[in-house]
Amino acid sequence: MSGDRPLRLLQLTDSHLRAAPGGTIKGWATRESLLLALEAALEGEAAPDAILATGDLSQDGTPASYAHVRDILGAPGVPVYCIPGNHDHPDTMAAALSDGPFYYCGDHRLASWRLVMLSTWDGDRGGGRLSETELERLDRVLHNAAEPNLLVVLHHHPVPMNSWLDKVGLDNAAAFLEVTDRCSRLRGIVWGHVHQPYDGVRNDVRLLATPSTCFQFVAGATDSDVDAHAGPGWRWLELWPDGRIDTRVGYAPKPARFGA
Ligand SMILES: [Fe+2]
């Protein structure tokens, strides 16, 4: 990649696939919903340079569910950078999604950017936590990376969403933000988990959350209310050599057969 072209990433998140191909959650056939999201996201677009798959890719943590992820997210033939969510089974996921074109966690150079892919998995519960090891790795990569631009990617939200989701966020968000606040080359922090879009700024760092490839939660709700109208979603990210981030969220129409 060279010149003024941005790095184009497609974020797909919280697909919640089950082992059974027709498996559902809240009345959504999640495998079919992921297929709809991917097809709609790519319609009329040049292929992305990479896909970001930001956790809760599986609902049941089974090898069969990750085989579906491989089939679907591997089809475009571009690198797929994955992290676990609370519903994932990290060891099973790593075993299934660690060889080409899949990358599990780690950090990766992409043109003038470095992606830092974090695990916030902390057992099978709603919330998450960065281990001391993971926090130290983050600090080290942010400090040592040669690239002028960095993007940090994690599953759980590190800032309040001002809804019931704040009971299941990142437990040690303060420790995370203390590390990220020290990095002047950090341009963005991107997460999944919340099944809704978010676009904010903190210390000149862009903060972005992305709708799920299945159902969406109602923003600001005190309980886990599902948006009855929103369809499968995604986010495009354009990362420019000068550190700028252009981004947009998209949705496919919600199939009438999905939902309660
Ligand atoms: Fe999650």
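Welcome! Start with the whole chain on screen and color it by secondary structure: you will find 5 helices and 14 strands. Keep in mind that this is a predicted model.

**Stop 1: the whole chain**

Zoom out until everything fits in view. Along the principal axes, the C-alpha atoms fill a box of roughly 50 × 40 × 35 Å. The radius of gyration is 17 Å, which agrees with the value near 18 Å that a compact globule of 260 residues would have.

**Stop 2: the open sheet**

Next, select strands 7, 8, 9, 10, 11 and 12. Together they make an open sheet of 6 strands, and its order is 7-8-9-10-12-11 with mixed pairing. The edges are strand 7 (106–110) and strand 11 (198–202), each of which pairs on one side only. Turn the sheet to look across its strands: from one strand to the next, the twist averages 20°.

**Stop 3: a parallel pair**

Now narrow the selection to residues 149–153, which are strand 9, and residues 186–191, which are strand 10. These two pair in the parallel sense, over 4 bridges. Which residue stands opposite Leu-151 in strand 10? Label Gly-188 to see that partner. If you show side chains here, a general point helps: in a regular strand they alternate between the two faces of the sheet.

**Stop 4: a hairpin at the edge**

Move on to strand 11, an edge strand of the sheet, and add strand 12 (residues 205–209). Do these strands run parallel or antiparallel? They run antiparallel, and 5 bridges join them. Click on Arg-202 and then on Val-205, its bridge partner in strand 12. The two strands form a hairpin with 2 residues between them. Asn-203 sits in that turn and has a positive phi of about 50°.

**Stop 5: two helices side by side**

For the last stop, select helix 4 (residues 132–144) and helix 5 (residues 173–181). Their axes come within 9 Å and cross at roughly 15°. An angle under 35 degrees counts as roughly parallel, so helix 4 is roughly parallel to helix 5. The crossing of the two is right-handed.

Show the side chains where they meet. From helix 4, pick Leu-135, Leu-138, Asp-139 and Leu-142; from helix 5, pick Ala-175, Phe-176 and Val-179. What classes of residue make up this contact? There are 6 nonpolar residues and 1 charged residue, with no polar ones.

Conventions. Residues are numbered from 1 along each chain as its sequence is written. This is a predicted model: local features need pLDDT of at least 70, side-chain atom pairs count only at pLDDT 80 or more; totals for chains, interfaces and linings use all residues. Two strands pair if DSSP finds at least two bridges between them. Axes are lines fitted to C-alpha atoms, for helices over the stretch in contact, and angles run from 0 to 180 degrees between N-to-C directions. Angles under 35 degrees count as roughly parallel, over 145 as roughly antiparallel, 65 to 115 as roughly perpendicular and the rest as oblique. A crossing is left-handed if the near helix is turned anticlockwise from the far one by less than a right angle, and right-handed if clockwise. Two residues are in contact if their C-beta atoms, placed from the backbone, lie within 7 Å. Ala, Val, Leu, Ile, Met, Phe, Trp, Tyr, Cys and Pro count as nonpolar, Asp, Glu, Lys and Arg as charged, and the others, Gly among them, as polar. The radius of gyration is taken over C-alpha atoms; the globule rule is 2.2 Å times the number of residues to the power 0.38.
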